[in-house]
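User: Hi! Could you walk me through this model with some questions and answers?

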Amino acid sequence: MSDGPDHTPWPAELAARYRAAGHWRGQTFGALLTSLAEAHAERTAVVGESPAGPARWSYRSLDERAHRLAAGLYGLGLRSGDRVVLQLPNVPEFLPVVFALFRLGAWPVFALPAHRDSELCHFASHSEAKAVLTVGTHERYDHAALAGRVAERVASVRHVIVLGPSDGAGAVALDELDAPPRELPEPDPEGVAFLQLSGGTTGLPKLIPRTHDDYLYSVRESARICALSPESVYLATLPVAHNYPLSSPGVLGALHAGSTVVLAPRPDADTVFELIERERVTITGVVPPLAAVWVQAAEHTRRDLSSLRVLQVGGAKCGRELAERIGPALGCSLQQVFGMAEGLVNYTRLDDPDEVVLGTQGRPISLDDEIRVVDPCSDAEVAPGEVGALLTRGPYTIRGYYRAGEHNAVAFTPDGFYRTGDLVRRTAGGHIEVVGRIKEQINRGGEKVAAEEVENHLMAHPGVLDAAVVAMPDEQLGERSCAYVVPVADAPTPTAPELRRFVRERGVAAFKVPDRVLVVDAFPVTGVGKISKRELRAAIAAQEFSDQPTKG
Ligand code: AMP
Ligand code: DBH
């Protein structure tokens, strides 16, 4: 699994073209923050709730914090190229921490707050991380203890760094990593800046190496496409380490434009509407199920939402009906976003006609984003307007996952196109409509679940002979996961609640625990004897379930 290079560079000829076109400008994220602090010194950069209380930091203060923290992390022993698993919720410290790591040239690995032992151990061991940087307790979960277990199990991890109170022995308090700024060598702008996560389709989530140059290009263009300015206020509603709220345009796009970033500690309508009113938020991004909840809540709210100009919806398909309700209910424009941590991001533009905004997932950021819509079997391009698998290549789409040679051979075409696994149709105007997918993944309201990862957890149970996880349609989340399980013949047959508990207790993010488990005698098979997931999906879609997915 640790075969393959850390980073697969673009071919020299294309890299030269991206530089000549001005896409790649040779600027690092650290240098960007330095220039932002000069341009917007006392303007508010970030607003949020830190464990220490409310925070409101200027660009100058953010810059100073990042410098001092970089020096503190250096003092601890972290160096350029070291990997650091980062698990922070939506706290203001997220920003100085990532910029400190960028300045140091250490690579954050962007874990989500929902990740547990299984995922964090994988990120740490696969990246041979030197440190885990986390929060003490968040949403009543002890993240410091989780990080401690990772440090025990993964030999490369030498430091656990904790934001806020924790009683973890041996952990370093983030607050103590405050040192006078020091000169640090400037990282290579064409080198890796961080490892982002893929929702994945196979066993375990893949790590995605993104460079300063490529990511900064997508961030700069995203800020322009979303019309961000120093007057804008961007609210990070989703977990900020995710590629979407990080970069599309996300907190980085907002800072790039000199806007104010507000971090929502929770995405519920009460919390968010209060923040929109108080901070005069102009733009935020959500997943479709959250948009649906807000649309309903907006009917009764007494909060003043009039500052909101744009609601972005992405991460999963926004249906036409929901799309049509957003403008009238929230008094703002809808922007659809179809992106992926591997690179390509599509937006509907703010001046697109209604047909495009309501009925498509937008078009790519860049004219240099190459798009192919192909027959999944032959890779031959389909006729214009027909449905096919989306392949893409371009100035901010990776050429290979981190240390994943074998997987790269199937995830990319020989000429370097990334196989997104999405089924799309391209309109005559060049807009993309997502119509489905060929990858074995469940998109649970924007949270991606790799079928194989969950199948592996289920098959670790002694009573399970075989498992197949498929998506089932769901009114609220778009999809939920359904696990079909064939029990071992001569052992007690495990029950559905038992198997769900078993998966949860193996230490996985809660959204990966199968929503429904069905124990069956055998799987339907295809002509060549493979499990027919198509038939399993059809079976679950045809059934009417009056009962709710089991909880607990
Ligand atoms: P990841 O590769 O884990 O970053 O997940 C990206 C995937 O999320 C895409 O390949 C799509 O399958 C899905 N996705 C993201 N945005 C949208 C959208 N607006 N509509 C439909 N699917 C989306
Ligand atoms: O789902 C995603 O991964 C996603 C959605 C919208 C994304 O990575 C992005 C925008 O950048």
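Here is a short set of questions and answers on the sheet, the helices and the ligands.

Analyst: Happy to help! This is a predicted model, in which local features need pLDDT of at least 70 and side-chain atom pairs count only at pLDDT 80 or more, while totals for chains, interfaces and linings use all residues. Residues are numbered from 1 along each chain as its sequence is written, chains are lettered from A and ligands numbered from 1 in the order in which they are written, and side-chain values use heavy atoms, with hydrogens and water left out.

User: Which strands stand at the edges of the open sheet?

Analyst: Helices (H or I, at least four residues) and strands (E, at least two) are DSSP runs, numbered from the N terminus, and two strands pair if DSSP finds at least two bridges between them. Nine strands make up the open sheet with mixed pairing, in the order 2-1-13-12-14-15-16-17-18. A single partner strand leaves one side without a neighbour in the sheet, so the edges are strand 2 (53-58) and strand 18 (363-364).

User: In strand 16, what is the bridge partner of Gln312?

Analyst: Strand 15 (residues 310-314) and strand 16 (residues 333-340) run parallel, paired over five bridges. Val310 stands opposite Ser333. For Gln312, the partner is Gln335.

User: How many of the eight residues of strand 16 are buried?

Analyst: Buried means under 20% relative accessible area, exposed over 50% and partly exposed in between, using a 1.4 Å probe and protein chains only. Strand 16 is largely enclosed by the rest of the structure, because the buried count among its eight residues is six.

User: How far apart are the end C-alpha atoms of helix 2?

Analyst: The expected span of a helix is 1.5 Å times one less than its number of residues. Helix 2 (residues 29-40) has 12 residues, so it should span 16 Å; this agrees with the distance between its end C-alpha atoms, 16 Å.

User: Within what arc do the buried residues of helix 2 fall?

Analyst: The buried residues are Phe29, Gly30, Leu32, Leu33, Leu36, Ala37 and His40. On the other side, Glu38 and Ala39 are exposed. The arc is that of the directions from the helix axis to the C-beta atoms. Seen down the axis of helix 2, the buried residues line one face, because they fall within an arc of 155°.

User: Which helices do the buried residues of helix 2 pack against?

Analyst: Contact here means heavy atoms within 4.5 Å. One of the partners, helix 4, has 11 of its 11 residues buried. The full set is helix 3 (59-76), helix 4 (94-104), helix 7 (212-225) and helix 9 (250-256).

User: Which residue has a polar side-chain atom 2.5 Å from an oxygen atom of ligand 1?

Analyst: A residue is near a molecule or strand if one of its heavy atoms lies within 4 Å of it, and 18 residues surround ligand 1. A polar contact is a pair of N or O atoms within 3.5 Å. Lys439 places a polar side-chain atom 2.8 Å from a ligand 1 oxygen atom, while the residue at 2.5 Å is Asp422.

User: How far is an oxygen atom of ligand 2 from an N or O atom in the side chain of Asn243?

Analyst: The residues around ligand 2 include His242, Asn243, Tyr244 and Lys448. Backbone N or O atoms of Met340 and Ala341 each lie 3.4 Å from an oxygen atom of ligand 2. For the side chain of Asn243, the distance is 3.0 Å.

Terms used. A polar contact is a pair of N or O atoms within 3.5 Å; within protein, one must be able to donate a hydrogen and the other to accept it, and residues adjacent in sequence count only if both atoms are side-chain atoms.
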